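Here is a note for someone opening this structure for the first time. The points are numbered so that each can be checked in turn.

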Amino acid sequence: MKIRCMRPGEYPLLEDFLYDAIYLPKGSTPPPREIIRRPELAVYVEHFGQPDDRCLVAEDGGCFFGAVWTRILAGNVKGYGNLDSRTPEVAISVKKEFRRQGIGRKLMEEMLVLLKKDGYESVSLSVNKENYAYQMYRKLGFQTVKEQDEDFLTRLDLRQGEEKKQIVLFAEE
């Protein structure tokens, strides 16, 4: 498996990853795919490729396992994890059959290195209170900024001291 930057011709795949990123409590019925057309979700993928957009994918031989992408969502429609007009918001998705194998963590670690290298001071995300990934985000250093009805708005300060372990950007496993 290799972590690499998503190529512009692959950006349409973000719609699939966005749909897969929708948190579903155990036993719930998946929403119709058209849900990603709602403005509050579409903002994560529409016109992707702007100067502040970043995306990494986990793939092997053309098979995509997951993606992590960031955008600064400062327009009229803001993301669920929006803090301000300077902070990129993270969206992450790992295909269901590849979850709980460390792919999401590796994607996040590599994205954090990339954002720090690019000079961003912090990054934010929203996570459902019941989502098991919340623990991963906490271990990576995300702090809860605001507790909402169903989710936590979290932030990671990228200016904190150097990371305790070396993360090799775009390393092959």
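1. Strand S4 (89–94) is covered on both of its faces: Glu-89, Ala-91 and Ser-93 are buried on one side, and Val-90, Ile-92 and Val-94 are buried on the other. Because 6 of its 6 residues are buried, S4 is largely enclosed by the rest of the structure. Strands S3 and S4 run antiparallel and are joined by 6 bridges. Within this pairing, Val-68 has Ile-92 of S4 as its bridge partner.

2. The model is predicted, and confidence should be read along with the geometry. The mean pLDDT of the chain is 88, and 92% of the residues score at least 70. Residues 162–169 have a pLDDT below 50, and this stretch has 11 contacts in the model beyond near neighbours in sequence. Any reading of those contacts should keep the pLDDT below 50 in view.

3. Helix H1 covers residues 13–21, and its buried residues are Leu-14, Phe-17, Leu-18 and Tyr-19. An α-helix has 3.6 residues a turn, so residues three or four places apart point the same way. What lies over the buried residues of H1? The cover includes helix H2 (39–42) and the strands S2 (54–60), S3 (63–71) and S4 (89–94). Phe-17 also has a charged neighbour: Lys-95 lies over the face of its ring, at 4.8 Å from the ring centre.

4. Strand S5 (residues 122–128) is mostly covered, with 6 of its 7 residues buried. S5 pairs with strand S7 (residues 151–157) in the antiparallel sense, over 7 bridges. Opposite Ser-126 stands Leu-153 of S7. A second charge over a ring can be checked here: Lys-129 lies over the face of Phe-152, at 5.6 Å from the ring centre.

5. Thr-87 is a loop residue, placed between S3 and S4. Is Thr-87 buried or exposed? Thr-87 counts as buried because its relative accessible area is 5%, below the 20% cut-off. Leaving aside neighbours within four places in sequence, its contacts are Arg-71, Ile-72, Ser-122, Val-123 and Ser-124. Thr-87 and Leu-156 are 69 residues apart along the chain, and their C-alpha atoms are separated by 10.0 Å.

6. How many aromatic pairs are there? The count is 3. One of them joins Tyr-11 and Phe-48 edge-to-face, at 5.0 Å centre to centre and with 80 degrees between the planes. This pair links distant parts of the chain, 37 residues apart: Tyr-11 is in the loop between strand S1 (2–5) and H1, while Phe-48 is in the loop between H2 and S2. Tyr-11 is partly exposed, at 23% relative accessibility, whereas Phe-48 is buried, at 11%. Tyr-137 and Phe-142 also form an edge-to-face pair, at 5.9 Å centre to centre and with 65 degrees between the planes. In that pair Tyr-137 is buried, with a relative accessible area of 6%, and Phe-142 is buried at 4%.

7. Two backbone angles deserve a look. His-47 is not a glycine, yet has a positive phi of about 55 degrees. His-47 belongs to the loop between H2 and S2 and is exposed, with a relative accessible area of 67%. Arg-100 likewise has a positive phi, of about 65 degrees, without being a glycine. Its place is the loop between S4 and helix H3 (103–117), and Arg-100 is exposed, with a relative accessible area of 65%.

8. A search of the whole structure for disulfides finds 0. Cys-5 is in no disulfide, and its nearest cysteine sulfur, that of Cys-55, is 8.3 Å away. Why is there no bond between Cys-55 and Cys-5? The 8.3 Å between their sulfurs is too far for a bond, since a disulfide needs the sulfur atoms within 2.5 Å. The surroundings of the two can also be stated: Cys-5 is partly exposed, at 39% relative accessibility, and Cys-55 is buried, with a relative accessible area of 6%.

Conventions:
Residues numbered from 1 in each chain as written. Predicted model: local features only at pLDDT ≥ 70, side-chain atom pairs only at ≥ 80, totals over all residues. Heavy atoms only, no water. Buried < 20%, exposed > 50% of the residue type's maximum accessible area, 1.4 Å probe, protein only. pLDDT = per-residue confidence, 0-100. Contact = heavy atoms within 4.5 Å. Helix = DSSP H or I, 4+ residues; strand = E, 2+ residues; numbered from the N terminus. Pairing = 2+ DSSP bridges. Phe/Tyr/Trp six-rings, centres within 6.5 Å; stacked < 30°, edge-to-face > 60°. Lys NZ or Arg CZ within 6 Å of the ring centre and 35° of its normal.
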